[in-house]
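Open the model in your viewer and keep the sequence panel in sight. We will go from one selection to the next.

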Amino acid sequence: VMDYMQFCKLVDKVNKTEDDLKKLEPYRVERAVIMAAGLGTRMRPITNSKPKPLVTVNGVSLIETGLQALENAGIKEIYIVRGYLGEQFDLLLGKHPNVKFIENVLFDKGNNITSILAAKEFLERAYIFPADLYIKNPAVIKTYQYQSGAWGVKVKQTDDWCLETTAEGIVQRCGIGGVDCYKDIGIFYWNKEDGSRLKKHVEQVCKQEEGCKRYWSNVPFVLYPDEYKVRINECQRDDVMEFDTIEELSKVDYSYKIYLER
């Protein structure tokens, strides 16, 4: 068993031997769950006729930036949890034949925890992230992970969702607003043990009154924080982008300015 520093050194090694790869194999990411069920209401009228993850940015759909990053890392077991206008995602199968769909029948009745509930059997050794991220730097998705992790951008202050950590880089709070913290970009990884816990805890929460109205990340970081050990993975500001409005989208893809002139 390697410690974290040994793991990082081995991952960064340029010419890995067969023995190196054998040592890394227990840390290989096996799968990914991409949440794509939401209504995308803040991006209307574009999302009146298509799901937000299929909105294109300079010719590439948001969800495909995530699929390409996963495939570059050798992750072939990919689950897309769909709901709103879900049949439109079928067009991805031509370019991404390894994709499998999971139907979230509760997508319009709860929050994103319902997507995790729908994918509960696939949370171990898995990346989880929303399908509407624009992953500009695919290198943020790695083939191997040492332990459960959360991805964030270091900031001095934010009013947005953020992750606060210990001096050792372990997440101790996930919430809105913080100082000297990491802006939460929505990408998480769960190892085998934590993925199993997450399945159990999500099931428990969704059985509670109003449980399905929660954000899924509340489960490990708010409701059961002592049962998870999650390491921060620092990214740069432009590695991963999220567009909440057409105005934000138009700053990267000028073709959307037409919607602002109406």
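How many residues lie between S8 and S9 in their hairpin, and which residue in the turn has a positive phi? Keep that in mind while we take in the whole chain. Note that this is a predicted model.

**Stop 1: the whole chain**

Select everything and show it as a cartoon. You should find eight helices and eleven strands. The radius of gyration is 18 Å, close to the 18 Å that the globule rule gives for 262 residues, so the chain is as compact as a globular protein of that length. Turn the C-alpha trace along its principal axes: it spans about 60 × 45 × 40 Å.

Now switch on the surface. The accessible area comes to about 13400 Å², and 48% of it belongs to carbon and sulfur atoms. Of the 262 residues, 48% are buried. Colour the charged side chains next. There are 37 positive and 39 negative ones, and the centres of the two sets lie 2 Å apart.

Look at the contacts too. Take those with a separation of 6 or more: 69% of them join residues 24 or more positions apart.

**Stop 2: strand S9**

Select residues 171-190, which form S9. This strand is mostly covered, with 14 of its 20 residues buried. Show its side chains as sticks. In a regular strand, side chains alternate between the two faces of the sheet.

**Stop 3: the hairpin**

Add residues 149-165, strand S8. S8 and S9 run antiparallel and pair over 15 bridges. Zoom in on Thr 165 and you will find its bridge partner in S9, Val 171.

Here is the answer to the opening question. Five residues lie between S8 and S9 in the hairpin. Gly 169, in the turn, has a positive phi of about 85 degrees.

**Stop 4: another partner of S9**

Select residues 126-130, strand S6. S6 also pairs with S9 in the antiparallel sense, over three bridges. Click on Tyr 127 to find one bridge: its partner in S9 is Tyr 189.

**Stop 5: a parallel pairing**

Go back to S8 and add residues 231-235, strand S10. Do S8 and S10 pair in the parallel or the antiparallel sense? Follow the chain direction along each strand. They are parallel, with five bridges between them. Pick out Ala 150, and opposite it in S10 stands Ile 232. S10 is mostly covered as well: four of its five residues are buried.

Note on methods
Residues numbered from 1 in each chain as written. Predicted model: local features only at pLDDT ≥ 70, side-chain atom pairs only at ≥ 80, totals over all residues. Heavy atoms only, no water. Helix = DSSP H or I, 4+ residues; strand = E, 2+ residues; numbered from the N terminus. Rg over C-alpha atoms; globule rule 2.2 N^0.38 Å. Buried < 20%, exposed > 50% of the residue type's maximum accessible area, 1.4 Å probe, protein only. Contact = heavy atoms within 4.5 Å. Areas by Shrake-Rupley, 256 points an atom, 1.4 Å probe, with all protein chains shown as cover. Lys, Arg positive; Asp, Glu negative; His and termini not counted. Charge placed at Lys NZ, Arg CZ, Asp CG, Glu CD. Pairing = 2+ DSSP bridges.
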